[in-house]
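Me: I want to check the labels on some charged residues. Can we go through them one by one?

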Amino acid sequence: MENLRKELQHTALLHQTRRHFLQSVGFGLGALGLGTMLDSCGPSTAAGNVGGEVAKSRIPQFAPKAKRVIYIHMAGAPSQLELFDYKPELVKYHGRDCPAEFLEGKKFAFIQGVPKMLGPQGHFAQYGQSGAWMSDYVPYLQTVADEITFLKAMHTDQFNHAPAQLLMHTGSPRLGRPSLGAWSVYGLGSENQNLPGFIVLASGGQQPDAGKSVFGSGFLPSVYQGVQCRTGGDPVLYVSDPNGMNRDMRKQTIEAINEINKQTYEDVKDPEILTRISQYEMAFRMQMSVPEVMDVSKEPQFILDMYGVKPGEGTFAMNCLLARKLVENDVRFVQLFDWGWDGHGTSKDHNVEGGLRQKCRESDQPVAALIKDLKMRGLLEETLVIWGAEFGRTPMQENRNGLVMPFMGRDHHLDAFTMWMAGGGVKQGFSHGETDELGYYGTKGRTHVHDLQATILHLMGFDHEKFTYPFQGRNFRLTDTEGKVVKEVIA
């Protein structure tokens, strides 16, 4: 009882401090200004109406071509030279010393000294009316070649996994920035009040190297962060009612907690309290909606076969099918992370021979099925599918510490890699950008990570230079101070 009395006294004193007064007044004045600035983006949040904040769509700056996004990130970075960037000249250089110009003034994650060149391990051919080059690593994706736009001269600033993943998804290699998914839901809201606007599904046994920050909300209100769902057990941890508590009791509990939160918000005006209220209400609604949408038992057998899914298995294939079900239920942004694509040549699982082929066997069929399924349901036109990783792979064989690896592998490479997009307003059967004859450097149509982000936002109806959020005295944006829209890939 004495501790409780002291806590009440402490709270009362806090409310009398100069800092608290300035904080509350400052927030009030700031909120008035922010509300004025955001009028064109939709209604501002009031304490009594916080539950619908994310559900209310804002007004994009121009008509979006993509209303939903499925972003498939292959964490670890597969080799573009084994999959999509066909380099017959590299075959001739196989086993030769790397040219000096590829090494002078360059830094690599592991390569030291003079490595040997490594020819492509896949067998390439052209597919579809577009004549897209693909290897035998991805036989299923070959069947949807004419739906895809390739970006073959991607480049980045980071050659280590965590900072490169952060740069790709948040626009900065450092922690603290909102992810692309968070920006998307902040901008467009969610059309389903019973599901989060941004859902994350992970496979491969591990989280991305950069952790959950790659789908975090950064300095945006935390209501916009990605909600990670599981494919086994409860889709969301602790979403089920505890033993002995029925749904009515849970509802009454949440209502009581939120009433206290609303009173606290009126006192301190902390916007994160609004997020807390919203998340309690969302969690209650999710108890019914999430298990239903994550249940694939009612899917026709031919759909399960098309994806290669077996009910009850938490696989990448399952996540692809769930991604379709989620966007079908108006989830704005679905992020898939699949770990295990690092191909240094250090083991039988991490190389560009057996390791990469195995990862492709696990992912190629469901990715192709996702594109076909979306198109069959009339969803592909307004759903942007993005496939890629944080960087690419060198045309040289890795020689860590100057020693050749026991398996064929490639080091991290920031100067050239391939990503692709489909649906959502991009051209069909198109390839943008080229690399040199050995696949080392982009020679045409070079696309930086910020260019890709600017293009994605453009497809969603936002000018990346004007789509900002005020934080610490300046307006921040996903693309920081760089980026240009790659208009060549837009249909």
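Reply: Start with Lys 92, at 52% relative accessibility. This is a predicted model: local features need pLDDT of at least 70, side-chain atom pairs count only at pLDDT 80 or more, and totals for chains, interfaces and linings use all residues. Residues are numbered from 1 along each chain as its sequence is written, and side-chain values use heavy atoms, without hydrogens or water.

Me: Why does Lys 92 count as exposed?

Reply: Exposed means over 50% relative accessible area, buried under 20%, partly exposed in between (1.4 Å probe, protein chains only). Lys 92 has 52%, so the label is exposed. Glu 89 has 25%, so that residue is partly exposed.

Me: What makes Glu 89 and Lys 92 a salt bridge?

Reply: The rule asks for a side-chain nitrogen of Lys or Arg within 4 Å of a carboxyl oxygen of Asp or Glu. Here the closest N and O atoms are 2.8 Å apart, so the pair qualifies.

Me: Why is Lys 116 called partly exposed?

Reply: Its relative accessible area is 37%, which falls between the two cut-offs. Asp 97, at 45%, is partly exposed too. Lys 116 and Asp 97 form a salt bridge, with closest N and O atoms 2.6 Å apart. The pair ties together parts that are 19 residues apart in sequence.

Me: How do you know that Arg 324 forms a salt bridge with Glu 299?

Reply: Their closest N and O atoms are 2.5 Å apart, so the distance criterion is met. Arg 324 and Glu 299 are both buried. They belong to a network of salt bridges that includes Asp 373 and Arg 377.

Notes. Helices (H or I, at least four residues) and strands (E, at least two) are DSSP runs, numbered from the N terminus.
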